[in-house]
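Trainee: Could you take me through one part of this model closely, namely the place where the ligand sits and the residues around it?

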Amino acid sequence: MNQTENINANWPGLIEAYKSWLPVSEKTPIVSLKEGGTPLIKLHSISTLIGKDVSIYAKYDGLNPTGSFKDRGMTMAISKAKEEGCEAVICASTGNTSAAAAAYAKRGKMRAFVLIPDGYVAQGKLAQALVYGAEIVAIKGNFDRALEIVQEASKKYPITLVNSVNPYRLEGQKTAAFEIIDCLGDAPDWLCIPMGNAGNISAYWMGFEQYYVAQKATKLPRMMGFQASGSAPLVLNKTINNPETIATAIRIGNPVNKEKAIQARIKSKGTFLDVTDEEIIEAYKLLASEEGIFCEPASAASIAGLLKRKQEIPNNSVIVCVLTGNGLKDPDCAIKNNEAIFHSNIEGNLKEIATILGF
Ligand code: F0G
């Protein structure tokens, strides 16, 4: 093998990497884009801001092949659907699930149907679903309604549901917890994570518990789940009929995995808290401008929540904040929310430019 072929050859994708922990067999046709194996990045400025002796890391899952953690669940869901002979998959989505479902379904030679809330899916995500060749239905209604419809559709027609009610999704997503422990050598003290349909927090908890039972970690983290204030059914402990937030990925009023998430909170002695859109945008800008990490607004909820809880952070603790999606998913939000100095309509001559730059 020559040098060029060797590049990127060492990460086999998460099913290969964690096969013995996943419900796959020799017969499972693995549909993979080499997802997982994402970096854990130390957040120096945010640690300083907290002003205690803490190690804070971002698990940057926005670096997955379609730009979000959904790829972890989708490689499993689509591989198992393929194993079962399925020819079409369906999901409801605020955007990222639809992008991942479309990419993996197409790679597995299946049709992908996606239902999205009309007008509430970020541009990057919509662009992905279009280009991957999904069959998209934008409904007059929110994510919760779309999920009810696809659940019914998958019961009536020969289509596999790939939302996080599909147990294989959570199986794939739990590998992020394995990666964190494999990287740190133990579980963190806190895991900070945004919650929408609450599948991811449930998947992480499953992963942390399994590694703990197998003695690959000496402790379990406190699960700190964060929601946007206008869309916080788990914090308020009630269904929200008209959820609203700038973080459209987590604009969900009736999370389908709520029972699992509540169990994770109770067992881990964690907490759920809401963060306002302003706090989310503050954290979003801070991550980009101080740490050089561009995530989407929903992901920044984990940092916003951490900052809101900073009084309670124990000294010498290790904290991981999950950055679930890439900032490029939602360019409109970035363009509207930044403090960049942008000089436009300038003649292309150095003298003028140097003056503007203050030289
Ligand atoms: N962060 C991002 C970027 C997401 O896209 C989602 C969910 C979440 C966090 C919340 O994860 O639902 O497991 O609690 N997005 C789904 C979608 C709903 O359709 O893409 P969760």
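Mentor: What follows is a close look at the ligand site and the cavity that holds the ligand.

This is a predicted model, in which local features need pLDDT of at least 70 and side-chain atom pairs count only at pLDDT 80 or more, while totals for chains, interfaces and linings use all residues. Residues are numbered from 1 along each chain as its sequence is written, and side-chain values use heavy atoms, with hydrogens and water left out.

The shell around the ligand holds 20 residues, of which Ser-93, Thr-94, Asn-197, Ala-198 and Thr-324 come nearest; a residue is near if one of its heavy atoms lies within 4 Å of the molecule. By class, this shell comprises 8 nonpolar, 10 polar and 2 charged residues, where Ala, Val, Leu, Ile, Met, Phe, Trp, Tyr, Cys and Pro count as nonpolar, Asp, Glu, Lys and Arg as charged, and the others, Gly among them, as polar.

Three pairs of atoms deserve attention. A backbone N or O atom of Ala-198 lies 2.7 Å from an oxygen atom of the ligand, a polar backbone atom of Thr-97 is 2.8 Å from a ligand oxygen, and a polar side-chain atom of Lys-70 lies 3.0 Å from a ligand nitrogen. The protein buries 99% of the 470 Å² that the ligand exposes when taken alone, areas being computed by the Shrake-Rupley method with a 1.4 Å probe. Helix H5 (96-107) and helix H10 (199-213) are the elements that give two or more residues to the shell, helices being DSSP runs of H or I with at least four residues, numbered from the N terminus.

The space taken by the ligand is the largest cavity, a cavity being a set of points, on a 1 Å grid over the protein atoms alone, where a 1.4 Å probe fits but cannot get out, with lining residues having an atom within 4 Å of a point. Its volume is about 310 Å³, a volume being the space filled by probe spheres set on grid points that are joined across faces, edges and corners. Of the 25 residues that line this cavity, Phe-69, Lys-70, Gly-196, Asn-197 and Ala-249 are the closest to its centre. H5, helix H8 (167-173) and H10 each give two or more residues to the lining, and the lining as a whole divides into 10 nonpolar, 12 polar and 3 charged residues.

Conventions: Polar contact = N/O pair within 3.5 Å; in protein donor to acceptor, adjacent residues only side chain to side chain. 1 Å grid on protein atoms, 1.4 Å probe; cavity = no way out; pocket = protein on both sides within 12 Å on 5 of 7 lines; lining within 4 Å. Sits in = over half its atoms within 2 Å of the grid points.
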